[in-house]
Structures are given as structure tokens and as C-alpha cells.
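This report describes selected features of one protein model for a reader who is new to structural analysis. Please keep the sequence and the structure in view while reading.

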Amino acid sequence: MTGVVGVDIGGTKTAVGTLGQLLGVWPTPDSGPALVELIQAALEGSGAALSRLGVCVAGRVDPERGTTRAANLPSLVGFPLRDALHAALRVPVTLVNDADAAALAEHRAGSARGARASVFVTVSTGIGAAYVSGSGALRGAHGQAMELGHLPSPGAHGPCHCGRQGCLELVASGSAINRALRVRLNRPGAAPAELAALAAAGEPGVQEVLHAAGHALGVALLPVCLTLDPDVIVIGGGATLAYGDRLLDPVRGALRDALQPWPGPDVRPACLGVQAGVTGAALAAMDAAPVAAR
């Protein structure tokens, strides 16, 4: 469908694009109105035709009200994002969870293409997950199905930004991995790119941190596999891009050990990168009958 644009709003960056082209990536503003202004300016500056907009956002989404309960984006909690974008752009707007959007993209056009059922996990600022089958992404009654990052995890201590205690995100998100690496390597000011370079160079201590995070994620995927039985699990996000099989191999090993004697899914890296969110948001906009602005 021509004129369909997708927006991927993350905890630190916002990407805008079409099904075939990334139009740009910008730092995510710290308020809802500023975010609407950014998206409007990005679309006007690109000259892209616009007939329908799909928006995916980190955290739980209320598709009926067009709002988000995004733990990683507290400034958007309760903000009428869908309706504000509709008012600014005058086109139908569809709002979905970012993991649901990326899962849809990877299932239809990425690493899970051809799978009967797939799970997508993004390991980035937080941890998001989604399950996709022939009927689309599983959303649940409250828009919070597959909130994998907020399952309790052994070894996770302290409060999570969601308000709960001991969530998986505290030990296996990209943010948690980077924090643990800074401590382990005694590099408190190291940027994520520097940490990834040290991992690639085989810096001692890196693999212990990645193994702990990957093992925790693999164990958390056990109940997902036993209840939903996907044939493919796709893992993406910034941490996967940075650490690759150094992170994924511990996931595979932990899940394989936990599942025995049950057969398990094929665990693959995502292949669409930053394009996954915008592609999935655009696909969701094409699929959905948009809810009228209130």
C-alpha cells in the first residue's frame, strides 16, 4: 500500500521509514508533544507521501485508547499518542507494541519467514517479546501478552522500572549487560560501542557476563516454548547486534538443556535490524482497521 509509513519509538531513539526505506533515526524526545513534533517534521522533511501511519512503541500499549504504559518511556505514560498524531497529520494511525511490530516483520519478511509460529525477542534498553502465527501477533486482553522482560528471574534483585521486583530485564536486557560489563571490566564510563569492541577482541571477563545474561534469557523462554510451541525464535535488538553468538549461544544452550527431552525451536538472530520496527509498524497499519480518533 503506497503512502504507509512506520515509526519505531524506542527508549533512546526513534526511527521513521516505509516498507522499503529507512527515512531517518533521531534521539527520542522526553515529552509526548515533542515526539509528535519530531515525527511531523521528519515526515515533512522527507517528502514521503502519507496515507496511513503505523507507530510502535516500547512497553505496553492500550490499542483502544491509543495510549502507552511504556516502562522505558515514562513521559509517554497516559499521553494520547495515537490521537495526537492523528490530529497533527490527519491520517489514520495504528499504535502497536514495538516487539509485536518487529515480530510481524521478521515473521513475514525476515529470519522467521516460512515458520508456522515464531517468537521474537528484542534485547535492547529493555526486553520485549511477541508471538506470531498465521492469525497475527498475540496481544492478549490487556495488550500485555508476552511481556517476557518482566517475568521473575533467578538472580535478579532489586526494583525494576516497571514497579515490580526481580524482573528478567534486570539481568538480561542490553542495559543490564552493559552495566555488568562496566563493573566486570572496571570501565565505568565505557560506551556500548566500546564494550562491544572489547567483547569482539576477547577481553577476559566479557563472556562470563554474556553467558549469565544469555542463560537467564534461555531459562525464561522455557515456559514460552512449552505453552506456545514456536518452531522459530528470533532474537534481535541492540545487544544482539553488538554481541551476536556470544550472547545467543548461551541462550541456545540454556533453552536446549531446560527443554529436554522435548524438541525445541531453532534460535536465530534477527536480520532486519533497525528496519524491523518501522517495517512491522507499517505492516500493522496495513493490516489493522484503525480505531477512529476520540
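## A pair of crossing helices

Helix 7 passes helix 9 in a right-handed crossing. A crossing is called right-handed if the near helix is turned clockwise from the far one by less than a right angle, and left-handed if it is turned anticlockwise. Helices (H or I, at least four residues) and strands (E, at least two) are DSSP runs, numbered from the N terminus. The model is a predicted one, in which local features need pLDDT of at least 70 and side-chain atom pairs count only at pLDDT 80 or more, while totals for chains, interfaces and linings use all residues. Residues are numbered from 1 along each chain as its sequence is written, and side-chain values use heavy atoms, with hydrogens and water left out.

Two packed helices are described by the angle between their axes and the distance between the axes. Helix 7 covers residues 206-228 and helix 9 covers residues 245-259; their axes come within 7 Å and cross at roughly 40°. The axes are lines fitted to C-alpha atoms, for helices over the stretch in contact, and angles run from 0 to 180 degrees between N-to-C directions. Helix 7 and helix 9 are therefore oblique to each other. Angles under 35 degrees count as roughly parallel, over 145 as roughly antiparallel, 65 to 115 as roughly perpendicular, and the rest as oblique.

## Salt bridges

Side chains of opposite charge can pair when their charged atoms come close. A salt bridge is a side-chain nitrogen of Lys or Arg within 4 Å of a carboxyl oxygen of Asp or Glu. By this rule the count is seven salt bridges. One of them joins R108 and D287, at 2.5 Å from N to O. R108 belongs to helix 3 (residues 98-109) and D287 to helix 10, so this pair ties together parts that are 179 residues apart in sequence. R108 is partly exposed, with a relative accessible area of 37%, and D287 is also partly exposed, at 44%. Buried means under 20% relative accessible area, exposed over 50%, and partly exposed in between (1.4 Å probe, protein chains only).

R187 and E194 form a salt bridge whose closest N and O atoms are 3.1 Å apart. E194 is partly exposed at 34% relative accessibility, and R187 is partly exposed at 32%. A salt bridge of 3.2 Å, N to O, links R252 with D245. Salt bridges that share partners join D245, D249 and R252 into one network. Within this network, R252 has a relative accessible area of 22% and D245 one of 43%; R252 is thus partly exposed, as is D245.

## Less common backbone geometry

Most residues other than glycine have a negative phi, and most peptide bonds are trans. Which peptide bond is cis, with omega near 5°? It is the bond from Q260 to P261. P261 lies in the loop between helix 9 and strand 12.

M146 has a positive phi, near 65°, although it is not glycine. M146 is located in the loop between strand 10 (136-137) and helix 4 (169-172). Is M146 buried or exposed? M146 is buried, with a relative accessible area of 15%. N186 likewise has a positive phi, near 55°, in a residue other than glycine. The loop between helix 5 and helix 6 (192-200) contains N186, which is exposed at a relative accessible area of 65%.

## Buried residues and a surface patch

L185 is part of helix 5 (residues 174-185) and counts as buried at 13% relative accessibility. L185 and G32 are 153 residues apart in sequence, and their C-alpha atoms are 37 Å apart in space. D98, in helix 3, is buried at 18% relative accessibility. The C-alpha atoms of D98 and V55 are separated by 8.2 Å, with these positions 43 residues apart along the chain.

On the surface, L22, V25 and V274 make a nonpolar patch of about 200 Å². Patches are made of residues with over 30% relative accessible area and no salt bridge; like charges are joined within 9 Å, and nonpolar side chains (Val, Leu, Ile, Met, Phe, Trp, Tyr) within 5 Å. Accessible areas come from the Shrake-Rupley method with a 1.4 Å probe, and for residues only the protein chains shown count as cover. V274 lies in the loop between strand 12 (266-269) and helix 10 (275-287), and V274 is partly exposed, with a relative accessible area of 36%.
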